[in-house]
Each structure stands twice: as structure tokens, then as C-alpha cells.
Amino acid sequence: MNRVKISGFNIKSSNKIFISGSKSESNRVLILKSLFSSDLTINNLSTSDDTKFLLEALASNEKIININHAGTAMRFLASLFAVANKKDIILTGSNRMKERPIGELVESLKSLGANITYEEKFGYPPLRFNGFTQKNNIIKLRSDISSQFISSLMMVAPVLDRGLRIKLIGKIFSKPYILLTSSIMKKFGLNCIIKGDEIEIKPQKKISIKNYNIESDWSSASYLYSIVALSGVQINLSSYKSNSFQGDSVLSKLYQNFGVETYFENEEIILKKSKKQKINIELNLIENPDLAQTIIVTSLGLSIPTKLTGLNTLKIKETDRLKALKTEISKFNVDVVVDDESIEIKNFPDKLPENIEIDTYDDHRMALAFSPLSVLVKLIINDSNVISKSFPEYWSILKNLNFEIQFIN
């Protein structure tokens with residue numbers, strides 16, 4: 001297992017850091033390009049493992065396609081393979097992927113006319129596909145499990161002869177990701193209408209778009225926001241838009257709680273620390289649960305009592321993120337309280353302990369979220385390679401900021 005010793009005591013400001021394209025945006029654009037057999041040129045594609053696995057799967061002629069730990073690819077390809085009338089194709093993944101439920105999406109696809117079977121455990125990958133004949137164009141889908149199930153169905157809907165109407169049941173989690181899918185589809189010229197808890201997509205066979213520019217990844221930017229909050233340095237990031245489609249662009253508002261201001265200038269964001277920060281924080285992250293780990297670790301570093309709610313979906317990610325956070329934050333002698341949908345930290349020590357080893361649980365966000373703490377105390381991050389899932393350049397970026405990075409076995 002590769003580990004990294006990390007210290008950011010000598011961090012310096014940077015006026016030029018480039019982050020690759022959004023993983024969420026890249027994967028959606030690739031699915032739509034595949035559906036329409038388009039000669040679309042994509043600029044600034046994500047360099048993440050998730051996107052690489054998706055690209056390999058889309059180009060594969062194998063009967064068994066293994067997307068490893070790429071959850072987005074699993075959900076999006078399930079719908080793509082179903083409606084593309086794939087025959088005797090098996091879609092599988094890592095051991096953890098086989099523990100992540102996909103039944104809600106599969107049963108919806110089967111109700112539309114897909115022939116899909118579970119190869120091992122009911123409701124979980126791997127999945128076998130054996131053809132598609134549309135027999136329905138209205139489905140009901142729970143919206144409190146995974147927004148990726150909804151996005152997956154939305155993207156394949158235009159190629160269905162009868163289009164699709166999705167009726168969402170229950171509280172909608174991670175809604176910005178649904179809106180991201182809709183925005184991208186509209187850029188492709190596709191007819192997607194969202195009204196309340198209903199989504200309607202009309203059938204369409206052709207698109208005319210020739211070029212698509214992907215904005216840099218806001219989720220990846222969150223770790224740089226945390227570094228600015230904890231260290232006070234100034235960092236410039238590109239390439240970003242003030243009117244971003246990405247839900248995690250809410251970072252520019254959320255990190256005002258920590259005294260970080262965001263300035264937009266020529267498709268760059270300039271991050272500066274002001275003197276004002278909250279003395280306690282309470283946030284509902286039902287729309288942006290992937291930011292929870294970064295935010296709670298920033299609070300840990302600044303000794304700000306914080307409660308984050310709306311985190312129901314974190315239990316079925318790469319790991320049970322709430323349980324993992326409790327275990328790792330407790331190593332810093334802080335009180336941590338978690339339940340099925342929230343995390344709260346309070347009662348901080350006078351000084352954080354040094355050389356704590358952070359376990360990452362095969363979860364890229366655990367490594368990425370905890371690493372900014374190293375501007376305050378030396379850390380060891382276990383399984384340092386896990387970051388390649390979403391942000392493979394991260395350790396190199398930290399080196400350019402003058403972090404001391406030492407890889408050890």
C-alpha cells in the first residue's frame with residue numbers, strides 16, 4: 001500500500017493552477033456522444049479514473065466489461081447498455097461496487113422493456129443485458145437514493161421511440177446533479193423539461209452540436225478552498241465560470257463561512273482569505289453531499305463546531321463516509337457524533353496531534369479532504385494512489401504549492 005507523508009508548513013501562494021475538466025460533466029457528455037454516434041469534439045475532458053474507465057467501456061467489444069470502482073460509469077452504462085439493445089453483455093465492477101445498490105435503476109429499466117438479470121445478488125451488480133423493446137414511457141422512481149439513477153435515465157430517454165416521463169417520488173437528493181444533466185442535454189439541443197417532481201424528455205434522433213468545452217471540476221477545487229481557509233494563502237484556479245452548471249460551484253458561497261472569498265476573473269477564480277469566519281456552522285448539504293468531507297475537515301482544522309445534515313446518500317458511496325469520517329476525525333481527539341444523515345464535531349483540543357495516519361477506505365475523497373490539514377500538522381495518508389479516481393494531479397499540485405510530499409511503502 002502506497003502512503004504519503006505530507007507537510008504544508010511552507011506553503012506559498014500560487015497565481016496559476018489548472019484543474020482538469022469536471023468528472024460529472026465529462027461522463028455525461030461521453031454518454032450523450034455515444035448515444036448519438038456523434039463526431040463531437042470534447043475539450044478539457046476529465047483525467048479521472050472514472051472517466052478513463054468509462055471511455056474504455058464505451059470502446060470495448062468484450063462480453064464482460066469491468067468498470068472497477070467507477071460508480072458513475074456503472075449507473076450511466078446500465079441505462080446505455082439496456083436501451084442500446086446489448087445482447088449477453090455483463091457489466092461488473094470492484095468488490096465494493098458489488099455492494100452498492102442499483103436495483104431501483106434496474107427495475108425502472110426493466111419496466112421500460114429492458115431484459116436485465118442480476119448475476120449474483122438481487123439488486124446489485126454485476127448485471128447481464130439481453131435486449132430491449134420499449135413497452136412503456138412513464139416510470140416512477142425514488143429520488144432519495146441516487147441522483148445518478150435519474151440522470152442515467154434522462155440521458156437515454158431521447159433515443160427511445162416514445163421518449164420518457166419520469167415521476168420522482170419523495171425528497172430529491174443532490175438535485176444540482178439532475179439540473180446539470182438537464183443543462184448539458186439542452187446544450188446538445190435535446191428537449192428536456194423539469195416541472196416540480198416530473199421530468200419529460202421528447203424523442204430525438206439527431207443532434208447538431210460539434211464542439212463541447214468542459215468546465216474545470218468544482219469538486220476538485222474544494223480541496224484548494226480548504227487549503228486557503230486553513231493557511232490564508234491566495235490561490236488562482238482555472239478554468240471556471242461564474243454561471244457554472246456544476247452544483248458544487250456553491251463552494252464560492254459555502255466557504256464564506258470560513259472567511260474565503262471567491263473572485264471571478266477571465267475564467268479564473270481567485271481565492272482569498274478574509275478575517276471573518278463563523279464561530280459555529282450548521283449546513284444542510286442535501287443538494288451537495290460530496291462536499292461534506294471537505295467542509296467537516298476544514299471545520300476540524302479551524303476548531304469550528306459544525307453540524308452537517310442531509311447526508312443520507314453518503315452511506316452508499318465508495319465507503320460508508322459518515323462512519324469513516326467519525327473514525328478518522330476521532331483520531332484528532334475531537335468529539336464526533338454521526339447518525340444516518342448527519343455529522344457533528346465539537347470540543348476540540350488545544351492543539352491537533354501530529355503524524356496521524358489517515359485511512360482512506362478505498363475512497364478518494366477521504367485522502368483529498370484530509371490532506372489540507374497538513375498545513376497545520378504533519379500527516380500520513382494511507383493508500384495515497386486512491387486520489388486517481390477523481391483528481392490524479394493533486395499531489396503534484398500540492399508540490400507546486402511547496403508542500404513537502406514523501407511517498408513511502
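In this predicted model, strand β18, which spans residues 335–338, pairs with β19 in the antiparallel sense over four bridges, and the two strands form a hairpin with three residues between them. Within this pairing, Val337 stands opposite Glu344 of β19. Strand β19, made up of residues 342–346, is also joined to β17 by four bridges, and these two strands likewise run antiparallel; here Leu308 is the residue that stands opposite Ile343 in β19. Strands of a sheet pair through backbone hydrogen bonds, either parallel or antiparallel.

The loop that lies between β17 (306–309) and α10 (321–330) contains Asp320. The relative accessible area of Asp320 is 19%, and because the limit for a buried residue is under 20%, Asp320 is classed as buried. When residues up to four places away in sequence are not counted, Asp320 touches Arg96, Leu314 and Lys315.

A further set of antiparallel pairings involves strand β1, which comprises residues 3–7 and has four of its five residues buried, so that β1 is largely enclosed by the rest of the structure. Five bridges join β1 to β22 (residues 404–408), the two strands running antiparallel, and in this pairing Ser7 stands opposite Glu404. Strand β1 also pairs with β21 (residues 379–382) in the antiparallel sense, in this case over four bridges, with Ile6 standing opposite Leu379.

An open sheet is formed by four strands in the order β4-β5-β7-β6, and its pairing is mixed. Strands β4 (64–66) and β6 (114–118) stand at the edges of this sheet and have a single partner strand each, which means that one side of each is left without a neighbour in the sheet. On average, and with direction ignored, neighbouring strands of the sheet are turned by 25 degrees against each other. The edge strand β6 pairs with β7 (residues 127–132) in the antiparallel sense over four bridges, and Thr117 has Arg128 of β7 as its bridge partner. Helix α3, covering residues 71–83, lies across β4, β5 (87–92), β6 and β7, and the helix runs at about 30 degrees to β7.

Some details of the backbone are set against a general background: most residues other than glycine have a negative phi, and most peptide bonds are trans. A cis peptide bond is found between Pro125 and Pro126, with an omega of about 5 degrees, and Pro126 belongs to the loop between β6 and β7. Another cis peptide bond joins Ser238 and Ser239, where omega is about 10 degrees; Ser239 is located in the loop between β13 (235–238) and α8 (251–254).

A positive phi, of about 65 degrees, is found at Asn44, although this residue is not a glycine. Asn44 lies in the loop that runs between β3 (41–43) and α2 (49–59), and with a relative accessibility of 23% it counts as partly exposed. Asn402, which is not a glycine either, has a positive phi of about 80 degrees and lies in the loop between α12 (394–400) and β22. At a relative accessibility of 35%, Asn402 counts as partly exposed.

The largest pocket of the model has a volume of about 230 Å³. Of the 14 residues that line this pocket, Asn68, His69, Asp362, Val386 and Lys389 are the closest to its centre, and the lining as a whole divides into two nonpolar, five polar and seven charged residues. Turning to helix α11 (residues 364–370), His364 has its place in this helix and counts as buried at 1% relative accessibility. His364 and Ser388 are 24 residues apart in sequence, while their C-alpha atoms are 7.4 Å apart in space.

As for enclosed spaces, the model contains three cavities of 30 Å³ or more. The second largest cavity has a volume of about 60 Å³, and its lining consists of Ser22, Ser24, Tyr177, Leu180, Asp217, Ser219, Gln246, Gly247 and Asp248. These lining residues divide into two nonpolar, five polar and two charged.

How values were computed: Residues are numbered from 1 along each chain as its sequence is written. This is a predicted model: local features need pLDDT of at least 70, side-chain atom pairs count only at pLDDT 80 or more; totals for chains, interfaces and linings use all residues. Side-chain values use heavy atoms; hydrogens and water are left out. Two strands pair if DSSP finds at least two bridges between them. Axes are lines fitted to C-alpha atoms, for helices over the stretch in contact, and angles run from 0 to 180 degrees between N-to-C directions. Contact means heavy atoms within 4.5 Å. Buried means under 20% relative accessible area, exposed over 50%, partly exposed in between (1.4 Å probe, protein chains only). On a 1 Å grid over the protein atoms alone, a cavity is a set of points where a 1.4 Å probe fits but cannot get out, and a pocket is an open set with protein on both sides within 12 Å along at least five of seven lines; lining residues have an atom within 4 Å of a point. Grid points are joined across faces, edges and corners, and a volume is the space filled by probe spheres set on the points. Ala, Val, Leu, Ile, Met, Phe, Trp, Tyr, Cys and Pro count as nonpolar, Asp, Glu, Lys and Arg as charged, and the others, Gly among them, as polar.
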